[in-house]
Amino acid sequence: MKILAFAEQREGKFKKSAFEVTQAAKTIADQLGAELVTLVIGDEVESISPALSAYGVSRILVAQDPRLHYYSTTVYGKILAEAALQEQATVIFLPASQMGKDLAPRAAVKLSAGIAADCIALSVESGEIIATRPVYAGKILIKEKINTPVKMFTLRPNIFTAVMKNSMQTKIEKISVNLTDADFSTKVTGVKIVEGRPDVTEADIIVSGGRGMKGPEHFHLIEKLADTLGAAVGVSRAVVDAGWRLHDEQVGQTGKTVSPTLYIACGISGAIQHVAGMSSSKCIVAINKDKDAPVFQIADYGIAGDVFEILPVLTDEIKKLVGK
Amino acid sequence: MKIVACINHVPDTEAKVKVGGDGKTIDKASINFILNPYDEFGIEAALQLKEKNGGETVALSLGGDTHKETLRKALAMGIDKAILLKDDSVRDSFSVAKALADELKTLSPDFILFGKQSIDYSDEQVPGLVAEFMGIPSVSCVVKMNLQDKKVICEREIEGGHEIVEATYPLVISAQKGLNEPRYPSLKGIMASKTKPIEEHKPASVSNVVEVLSMQMPASKQAGKIVGTDSSAVPEMVRLLHEEAKVI
Ligand SMILES: Cc1cc2nc3c(=O)[nH]c(=O)nc-3n(C[C@H](O)[C@H](O)[C@H](O)COP(=O)(O)OP(=O)(O)OC[C@H]3O[C@@H](n4cnc5c(N)ncnc54)[C@H](O)[C@@H]3O)c2cc1C
Ligand SMILES: Nc1ncnc2c1ncn2[C@@H]1O[C@H](COP(=O)(O)O)[C@@H](O)[C@H]1O
C-alpha cells in the first residue's frame with residue numbers, strides 16, 4: 001500500500017503545511033504499514049526537496065518544469081492524478097490551503113476518489129482512516145470515512161505538528177511531465193503579494209481588531225503589538241464592512257479560517273461567525289470593555305477593559321519580555 | 001451567453017444546530033434556512049455578466065422542496081429561470097457535484113457560478129468537482145473577474161495575496177466575498193419571482209463516497225480567566241501567556 005503526500009511550495013519555498021502534511025501522512029503510513037511518497041510540483045524545486053526528509057519521507061517525486069512556476073488548477077491536477085496512478089497510491093494527503101482545496105477536487109474526479117475536507121484530526125481504526133472535521137461553523141464535529149478505493153484528505157494548516165527528526169536517506173526521483181497547451185486552460189500569470197506581515201492563515205500569532213477599535217486611525221495600536229510579536233493582523237467583518245481594513249485580513253465564516261498558537265482579539269464581540277474562523281486557535285486572549293461580551297466565553301485569558309488603555313501597555317510589556 | 005448560478009440552501013449561521021436522533025445528521029426542526037451567503041456573490045456575478053453580454057441566467061439547486069425558497073430569492077434578484085434538481089436524500093459533495101454536472105451538460109453554459117463554499121459543511125469542493133466532471137477549467141475563491149474577448153482574467157485570493165489567473169470559457173467560477181456587492185431583490189423583482197416557473201428535474205440517484213460515522217458537539221470550552229479590568233492587569237497577563245500558556 002502506498003500513501004502520497006502533496007508538499008506545497010510557492011516561489012521555491014515550502015509552506016509550513018508541506019512539512020505538516022508529510023509528517024501526518026507518515027504517522028498514518030506507519031500505522032497502516034504503508035510506504036510514503038511525497039510529491040513536489042514546481043520550477044526548480046529539486047534542490048529544496050531534501051528538506052522533506054526530516055519529516056519522515058524516504059521517496060520524493062519531483063515534477064519540475066519552468067511552466068510549473070505558478071500554480072495551475074488544470075495542470076497540477078493532471079500531474080497529481082498521474083503520479084497517484086503511476087504509484088498506485090490509494091491514500092492522498094494535501095493541505096487545506098487555497099492551493100490544496102482547489103487542487104483536490106480536480107484530481108479526485110480523475111481518480112474517482114472521495115475527499116474528507118479540512119480535517120483537524122486523523123486516526124486509524126480497524127485499518128480505516130477516520131477523519132475528524134468541523135462543520136456548521138465549528139458548532140459540530142463529525143467523524144467520517146471514505147468508501148472509494150482511492151481516498152483523499154485535506155488537512156487544515158497549523159493543526160498537525162511538524163517536528164524535524166533526523167533526516168533519513170532520501171531518494172529524489174524526477175517524474176516526467178507531458179504538458180500540452182490545452183492543459184493550461186487556467187494559467188496564473190502573476191501573483192500580487194501583500195508585503196510585510198505574515199498572512200493570518202500562516203501566522204503563529206494573530207492580533208485582531210474589531211469595531212471596538214473605533215476607526216482605521218487606531219489600527220496602529222494593533223499593528224505595533226503585531227510587529228512586536230512577529231504576528232499577523234486580523235480583523236472582524238464589521239471592520240471590513242466599514243472600509244477600515246481589507247478583506248484579506250478578515251477572520252471568520254466569510255473570511256479566513258485560522259488556527260494560530262495565540263489569537264489576541266481586541267474590541268471584538270465574539271459573534272458566532274467570527275468564532276467559526278478562529279475557535280481552533282490554541283490560546284485565545286480577549287480584550288473587551290464589556291465583561292459580558294461572548295468572546296470571553298471562548299477566551300483562555302481576558303482583560304475586561306479599554307483597548308486604547310491596554311494595548312500600548314501590553315505592547316511595552318511584551319517588548320520587555322521578547323527584548324530579553 | 002448562457003449563465004448558470006448554482007445555489008445552496010443552508011442553515012442560518014445564527015442557528016443553534018443540534019445533532020439529530022440518528023447521531024449523523026442535524027435536527028432540522030426549528031432551524032431557519034437561508035440562501036448560502038457566498039452564493040449571493042455568484043448570483044450577482046451572473047446578473048452582471050448578462051447585463052454586459054446579454055443572454056439568459058438560470059439558477060440551479062439540488063435539494064428538497066425547501067430549496068424553492070432559495071431559488072425564489074435568486075429569481076427575485078433578477079435571475080430569469082430556476083431549476084430544482086429535486087432530491088431529499090443526504091448527499092456528499094461528490095454526489096451533489098455529479099448530479100449538478102449531469103444537468104449542466106444539458107444546459108451547456110458559458111459560465112457557471114458558485115459560491116466559494118456552503119456554510120454548512122464548508123467543503124469547498126463542489127465547484128472544482130463539477131468543473132472536472134464537465135472537463136472545463138475552474139477558478140476558485142475569485143475576488144475579481146473581467147471578460148476580455150475569449151479570455152477571462154480573474155484574481156483569486158491566496159494566502160498573503162492574490163493570484164492573477166487567465167482562463168478560457170466555458171468556465172466555472174467560485175465567488176469569494178469582495179467579487180461584488182449583491183443587489184437586494186427589488187419590489188418588482190419579488191413580485192415577478194412569484195410567477196416565474198421553477199422547473200423540477202430528477203437527478204441521478206445518490207452515489208455517496210464519504211460516510212459520516214458520527215456527529216458530536218465539540219467539548220465546550222471553560223470560560224477563561226478574566227485577569228483584570230485595566231492596564232494594571234497587563235503584567236500578569238503577559239506572565240500567564242509566557243509561563244502558563246507558553247505561547248510567547
Ligand atoms: C452570513 C454572515 C457571515 C459573517 N461572516 C463574518 C466573518 O467572516 N467574520 C466576522 O468577524 N464576522 C462575520 N459576520 C458578522 C458577525 O455577525 C458580527 O457582526 C461581527 O463579527 C462583529 O464584529 P465586531 O466584533 O468587530 O463588532 P461588534 O459586534 O460591534 O463588537 C465590538 C466590540 O468591541 C467592544 N468595544 C467597544 N469599544 C471598546 C473599547 N474601547 N475597548 C474594548 N472593547 C471595546 C464592544 O464591547 C463590543 O463587544 C458575519 C455575519 C453574517 C450574517
Ligand atoms: N445542493 C446544491 N445545489 C446547488 N449548488 C450547490 C449545492 N451544494 C453546493 N452548491 C454550490 O457549491 C458551492 C460550494 O459548496 P461546497 O463545496 O459544499 O462548500 C456553493 O457555494 C454552491 O454554489
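This is a short chat about ligand 2 and the part of chain B around it, in a predicted model.

Biologist: How many residues surround ligand 2, and which are the closest?

Modeller: There are 19 residues around ligand 2. The closest are B:Cys6, B:Asp39, B:Leu62, B:Ser118 and B:Gln125.

Biologist: How do the residues of that shell divide into nonpolar, polar and charged?

Modeller: Nine are nonpolar, seven are polar and three are charged.

Biologist: Polar contacts next. What lies 3.3 Å from a nitrogen atom of ligand 2?

Modeller: A backbone N or O atom of B:Ile7. B:Asn8 uses its side chain: an N or O atom there is 3.1 Å from a nitrogen atom of the ligand.

Biologist: And which residue has a polar backbone atom 2.9 Å from an oxygen atom of ligand 2?

Modeller: That is B:Glu124.

Biologist: What percentage of the ligand's accessible area does the protein cover?

Modeller: The protein covers 96% of it. On its own, ligand 2 has 480 Å² of accessible area.

Biologist: Which elements give two or more residues to the shell?

Modeller: In chain B, they are β4 (56-63), α3 (93-107), β6 (111-115) and α4 (126-134).

Biologist: Which one gives the largest share?

Modeller: β4(B), with three residues.

Biologist: Now the two helices. At roughly what angle do the axes of α3(B) and α4(B) cross?

Modeller: Roughly 45 degrees, and the axes come within 8 Å. So α3(B) counts as oblique to α4(B).

Biologist: Is the crossing left-handed or right-handed?

Modeller: Right-handed, as α3(B) passes α4(B).

Key. Residues are numbered from 1 along each chain as its sequence is written. Chains are lettered from A and ligands numbered from 1 in the order in which they are written. This is a predicted model: local features need pLDDT of at least 70, side-chain atom pairs count only at pLDDT 80 or more; totals for chains, interfaces and linings use all residues. Side-chain values use heavy atoms; hydrogens and water are left out. A residue is near a molecule or strand if one of its heavy atoms lies within 4 Å of it. A polar contact is a pair of N or O atoms within 3.5 Å; within protein, one must be able to donate a hydrogen and the other to accept it, and residues adjacent in sequence count only if both atoms are side-chain atoms. Accessible areas come from the Shrake-Rupley method with a 1.4 Å probe; for residues, only the protein chains shown count as cover. Helices (H or I, at least four residues) and strands (E, at least two) are DSSP runs, numbered from the N terminus. Ala, Val, Leu, Ile, Met, Phe, Trp, Tyr, Cys and Pro count as nonpolar, Asp, Glu, Lys and Arg as charged, and the others, Gly among them, as polar. Axes are lines fitted to C-alpha atoms, for helices over the stretch in contact, and angles run from 0 to 180 degrees between N-to-C directions. Angles under 35 degrees count as roughly parallel, over 145 as roughly antiparallel, 65 to 115 as roughly perpendicular and the rest as oblique. A crossing is left-handed if the near helix is turned anticlockwise from the far one by less than a right angle, and right-handed if clockwise.
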